[in-house]
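Let's take a look at a protein chain together. Have the sequence and the 3D view ready, and we'll go from the outside in.

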Amino acid sequence: MKVWRHRPVVHSVTDARPSLSEDIGRREKRYLIQMSIRTICLILAVAVPVPWPIRLLFIAGAVFLPYVAVIGANERGKDLPAPADTTVPNQNEIPRHRREIVS
């Protein structure tokens, strides 16, 4: 009779979440891109002679993009995939909270 055992889970580096500095850099880059688009919308709304519906679209972009940019910049790691928790507890090991120091 063959006894089936759980194979130990091997974690790879690609399973790790990005570092905090990478996450901050990504959010800063996205914020700068959104604020650049907002600046372009503001300039187009003021300087370019276009019909009012299009001008209102540019004004709406200039007004609402800062809100969207700040909310997106403050979301820490929300769009990153969650790490897969595939660990199987080792039944042969005593849990940390149950260990005793013996001298």
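How much area does the chain expose, and what percentage of it do carbon and sulfur atoms supply? The chain exposes about 9500 Å², and carbon and sulfur atoms supply 63% of that. Areas like this come from the Shrake-Rupley method with a 1.4 Å probe, and for residues only the protein chains shown count as cover.

Keep in mind that this is a predicted model, where local features need pLDDT of at least 70 and side-chain atom pairs count only at pLDDT 80 or more, while totals for chains, interfaces and linings use all residues. Residues are numbered from 1 along each chain as its sequence is written, and side-chain values use heavy atoms, with hydrogens and water left out.

**The overall picture**

The chain has two helices and zero strands. Both kinds of element are DSSP runs numbered from the N terminus: helices are H or I with at least four residues, strands are E with at least two. Of the 103 residues in the chain, 15% are buried. Buried means under 20% relative accessible area, exposed means over 50%, and partly exposed is in between (1.4 Å probe, protein chains only). Take the contacts (heavy atoms within 4.5 Å) with a separation of 6 or more: residues 24 or more positions apart account for 72% of them.

**Outside and inside**

On the surface, Trp-52, Leu-56, Ile-59, Val-63 and Phe-64 make a nonpolar patch of about 550 Å². Patch residues have over 30% relative accessible area and no salt bridge; nonpolar side chains (Val, Leu, Ile, Met, Phe, Trp, Tyr) are joined within 5 Å, like charges within 9 Å. Trp-52 lies in helix H2, residues 52-74, and counts as exposed because its relative accessibility is 57%.

Gln-34 lies in helix H1, residues 20-47. Why does Gln-34 count as buried? Because its relative accessible area is 18%. Leaving out residues up to four places away in sequence, Gln-34 touches Leu-65, Val-68 and Ala-69.

**Salt bridges**

A search of the whole structure finds two salt bridges. The term means a side-chain nitrogen of Lys or Arg within 4 Å of a carboxyl oxygen of Asp or Glu.

| Side chains | N to O |
|---|---|
| Asp-23 and Arg-26 | 2.5 Å |
| Arg-27 and Asp-23 | 3.5 Å |

These bridges share partners, joining Asp-23, Arg-26 and Arg-27 into one network. Asp-23 and Arg-26 both lie in helix H1, three residues apart, while Arg-27 and Asp-23, also both in H1, are four residues apart. Asp-23 is buried at 5% relative accessible area, whereas Arg-26 is partly exposed at 27%.
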